[in-house]
Amino acid sequence: MDPVTFAMLAAACAPLVHAETARALVVVESEVIDVVLADLHLPDSAGMDTVSRLLERGGDIPVVVLTGVDDDQVGSEAVRRGAQDYLVKQEVRGGILGRVLRYAIERRAAESREQRRVGDLEAAYAELERTQG
């Protein structure tokens, strides 16, 4: 990650943990993380393998993909696999990084609330059937 992008990221997120994939996989399982910004081109992991591994290990942590390839297919594939969003490194300007990360966090929180509501409704329906039947 270039110094400018890293500085923008540091300003958008506190505290900031910078890690290659192997350490990041440990961190997402053991620490409270708000969001993961995943570079698809790291020395120890590349491409969609990075996304899949982070999503598998990170549970409900939102993942935003950072790619150096200006190709909508790469970003769209990451989103299909479960990433909240993607950014092309060359297009990261001004406040867009912080905004994308905040929106990813908010979307994941909304999804979690919706899943809890569905679970509550299913439990209430099961209880209703048990008492009525």
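**Group meeting: a three-stranded parallel sheet and its helices**

Okay, let's start in the sheet: β1 and strand β4, which is residues 63-67, pair in the parallel sense over four bridges. Pairing here means that DSSP finds at least two bridges between two strands. Helices (H or I, at least four residues) and strands (E, at least two) are DSSP runs, numbered from the N terminus.

Quick housekeeping. This is a predicted model, so local features need pLDDT of at least 70 and side-chain atom pairs count only at pLDDT 80 or more, while totals for chains, interfaces and linings use all residues. Residues are numbered from 1 along each chain as its sequence is written, and side-chain values use heavy atoms, with hydrogens and water left out.

Now the overall layout. The protein chain has five helices and five strands, and from the N terminus the elements go α-α-β-β-β-α-β-α-β-α. Of its 133 residues, 34% count as buried. Buried is under 20% relative accessible area, exposed is over 50%, and partly exposed is in between, with a 1.4 Å probe and protein chains only.

Contacts next, meaning heavy atoms within 4.5 Å. Take those between residues at least 6 apart in sequence: 55% of them join residues at least 24 apart.

Back to the sheet. It's open, with three strands in the order β1-β4-β5 and parallel pairing. β1 (36-39) and β5 (85-88) are the edge strands, each pairing on one side only. Neighbouring strands are turned by 25° against each other on average, direction ignored. For angles, axes are lines fitted to C-alpha atoms, for helices over the stretch in contact, and values run from 0 to 180 degrees between N-to-C directions.

If you want to check the register between β1 and β4, leucine 37 stands opposite valine 64, and alanine 38 stands opposite valine 65. On the other pairing, β4 and β5 run parallel and are joined by four bridges. There, leucine 66 has leucine 87 as its bridge partner, and threonine 67 has valine 88. Getting from β4 to β5, the chain goes through helix α4 (residues 72-80), and that β-α-β crossover is right-handed. In other words, with the strands pointing away from you, the path from the first strand over the helix to the second runs clockwise.

So what covers the sheet? α3 lies across β1 and β4, running at about 155° to β1. Helix α5 (residues 96-132) packs on the sheet too, touching β1, β4 and β5, and its direction makes about 170° with that of β5.

Staying with α3, residues 48-58: Met48, Thr50, Val51, Leu54, Leu55 and Gly58 are buried. Seen down the helix axis, the buried residues of α3 fall within an arc of 155°, so they line one face. That arc is taken from the directions from the helix axis to the C-beta atoms. Just after α3, glycine 59 has a positive phi of about 60°.

Now burial in the strands. β1 is covered on both faces: Val36 and Ala38 on one side, Leu37 and Asp39 on the other, all buried. In β4, five of its five residues are buried. Val63, Val65 and Thr67 point one way from the strand, and Val64 and Leu66 point the other way.

I'd like to finish on one residue. Which residues does valine 65 contact, leaving aside its neighbours within four places in sequence? The list is Ala38, Leu40, Val51, Ala78, Ala83, Asp85, Tyr86 and Leu87. Valine 65 counts as buried because its relative accessibility is 0%. Glycine 75 is ten residues away from valine 65 in sequence, and the two are 7.3 Å apart in space, C-alpha to C-alpha.

That's my tour, thanks.
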